[in-house]
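This report goes through one protein structure, from aromatic contacts to helices and sheets. The sequence and coordinates are shown first.

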Amino acid sequence: MRRAVKRLKRWLHLGHRWLGIATGLVFAAWFVSGLVMLCVGFPALTEAERIAARPPLALDAVRLTPQEAMERAGLARFPARLTLAMRGSEPAYWMTGAEGTRRAVSAETGAPFPPLTPAGAEALAATHPAARSVADLGPVTRDQWTVTARFDPARPFRRVALGDPAGTELYLSVATGELVLDTTRAERVWNWVGAVTHWIYLTPLRARAGLWQDVVLWVSGIALAGAVSGYGLGFVRLMRDRLTPHRGWAAWHHLAGLAGGLAVVTFVLSGWLSMNPRGWFGPRVPDAAMRAAYAGQAAPLFPLGLAALARAPAGSVALDFAWIGGRPLVTAAAPGRVAPCCGTALAPEAVVAAGRAMLPAAALRSATRIEAPDSYWYDRHGAPLLPVLRLAFDDPAATWFHLDPATGAILDRTDRSGRANRWLFDALHTLDAGPLAQHPPLRLGLIGVLSALGLVVSGSGVVLGWRRLRRRRA
């Protein structure tokens with residue numbers, strides 16, 4: 001037994017040494033890039049930014065009703081999203097199919113728009129509030145900021161610089177003129193040492209989603225084995241010797257590993273789980289069948305005419321048309337305001353009734369109105385939308401839906417596995433749980449301290465690994 005234990009320790013020591021040499025720089029890069037990500041997120045176009053970028057809606061120029069626009073577009077089904085908003089100086093109906101395809105037709109003539117030209121892209125970008133000296137930067141099919149598959153239905157793009165102090169660049173779909181993304185100079189620069197490094201998000205690799213997932217899982221899995229073996233060795237040495245038997249860089253590595261080793265293991269484990277290995281965690285959005293059942297109306301029909309649309313609140317920049325539980329709903333959006341309009345509205349009871357249809361084979365266990373953030377409805381970047389309705393079903397997956405009681409929007413879907421992922425990834429990786437979730441400065445400070453310990457562990461490990469390699473070469 002003693003010989004077996006000695007052999008196990010030997011292999012544990014060798015495993016940690018060579019796994020550390022292989023992944024030490026990766027660890028250091030993860031901790032540095034993670035700190036950058038706390039300050040600068042990956043470029044994204046939020047709904048609030050989309051609304052703020054749109055000019056006020058010229059309802060007096062609208063000549064087609066929503067139903068007439070769908071007829072002109074030749075739709076066989078009601079689209080997943082139908083929006084009336086400006087396309088430059090002309091009102092347009094924007095349509096998103098269930099499979100994600102985009103199209104736009106003029107709200108004056110019903111004609112589809114021609115492919116976007118450089119001059120057309122500059123004209124559209126010039127309506128952006130931040131526009132100063134607009135310049136078309138050329139076509140883009142896929143680049144570092146539009147690499148993921150969610151941009152596929154809108155490709156290709158024209159990239160346009162606004163010439164503002166922030167160095168903002170817009171990505172406009174050539175097919176429809178839709179604004180799909182905006183980036184700033186700071187986001188582009190900092191994300192190379194932030195999210196791109198942290199997620200191994202290089203365009204040639206990320207464009208192949210399956211390959212990228214495998215690479216991240218293997219790299220983080222090997223790193224996890226190195227972290228676990230090191231944490232175990234640290235405690236073996238602590239129990240056998242005084243606080244540390246080492247000197248110099250080895251002492252720093254040992255002591256920082258004892259103090260921050262659990263955090264290192266936790267960060268890497270939760271990061272590995274974020275890749276959803278083998279599909280362990282359920283989807284976060286409803287599927288097409290659920291959305292269709294929730295709408296309760298599949299035909300490309302909408303009963304409101306131009307007189308009803310003219311009742312939209314002044315300053316509205318977009319009108320969204322939807323069916324919810326077989327009832328038509330128009331939602332008007334303006335900066336800082338999104339609410340039903342034009343004589344349509346939904347009672348919370350109607351939203352709950354429509355929600356029941358998403359899982360017809362399961363019973364609705366509860367319908368709860370959430371008035372304050374809780375462990376499963378929160379936003380670590382700010383205040384979440386409130387109030388919301390939480391529908392809990394008794395299906396085998398214990399599915400929940402969160403719905404906006406005012407607009408009827410489906411905000412998310414989560415099942416038992418998704419709620420487990422909330423703790424296994426979100427809580428462990430970003431520490432947004434318990435009292436820390438209520439005190440963001442304390443949470444960020446703790447992440448900074450633990451990341452600094454991780455940097456000491458990985459940095460000292462890199463030095464020790466380099467010295468070991470030099471000795472072997474000598």
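## Aromatic contacts

At 31% relative accessibility, Trp199 counts as partly exposed (buried is under 20% relative accessible area, exposed over 50%, partly exposed in between, with a 1.4 Å probe and protein chains only). The model is predicted: local features need pLDDT of at least 70 and side-chain atom pairs count only at pLDDT 80 or more, while totals for chains, interfaces and linings use all residues. Residues are numbered from 1 along each chain as its sequence is written, and side-chain values use heavy atoms, with hydrogens and water left out.

Phe42 is likewise partly exposed, at a relative accessible area of 23%. The structure holds 18 aromatic pairs. Rings of Phe, Tyr and Trp (its six-membered ring) pair if their centres lie within 6.5 Å; planes under 30 degrees apart count as stacked, over 60 as edge-to-face and the rest as tilted. Two of these pairs are listed here.

| Pair | Centre to centre | Angle between planes | Class |
|---|---|---|---|
| Phe42 and Trp199 | 5.6 Å | 50° | tilted |
| Tyr201 and Trp212 | 5.6 Å | 80° | edge-to-face |

Phe42 lies in the loop between helix H1 (2-39) and helix H2 (47-53), and Trp199 in the loop between helix H6 (195-198) and helix H7 (203-206), so this pair links parts of the chain 157 residues apart. Helices (H or I, at least four residues) and strands (E, at least two) are DSSP runs, numbered from the N terminus. The other pair ties together parts 11 residues apart in sequence, because Tyr201 is in the loop between H6 and H7 and Trp212 is in helix H8 (residues 209-240). Tyr201 is buried at 8% relative accessibility, and Trp212 is buried at 11%. One aromatic cluster takes in Phe42, Trp145, Trp192, Trp199, Tyr201 and Trp212.

Charges over rings come next. A charge sits over a ring if NZ of Lys or CZ of Arg is within 6 Å of the ring centre and within 35 degrees of the ring normal. The charged end of Arg87 is over the ring of Phe113, 4.3 Å from its centre. Arg422 lies over the face of Trp423, with 4.5 Å to the ring centre.

## Helix H9

Helix H9 (residues 249-273) spans only 31 Å between its end C-alpha atoms, whereas a straight helix of 25 residues would span 36 Å (1.5 Å times one less than the number of residues). H9 has a kink of about 65° centred on Gly260 (the bend is the angle between axes fitted to the seven residues ending there and the seven starting there).

## Strands and sheets

Six strands form an open sheet in the order E3-E2-E1-E8-E9-E10, with antiparallel pairing (two strands pair if DSSP finds at least two bridges between them). Strand E3 (102-106) and strand E10 (337-340) are at the edges with a single partner strand each, so one side of each has no neighbour in the sheet. Within the sheet, strand E8 (residues 318-324) and strand E9 (residues 327-334) run antiparallel and are joined by seven bridges. Phe321 stands opposite Val330 in E9.

Strand E6 (residues 169-173) pairs with E7 in the antiparallel sense over four bridges. The two form a hairpin with five residues between them, and Gly177 in the turn has a positive phi of about 85°. Tyr171 stands opposite Leu181 in E7. In strand E7 (residues 179-183), five of its five residues are buried.

## Overall

The protein has 15 helices and 14 strands. Of its 474 residues, 46% are buried. Its C-alpha trace spans about 85 × 55 × 35 Å along the principal axes.
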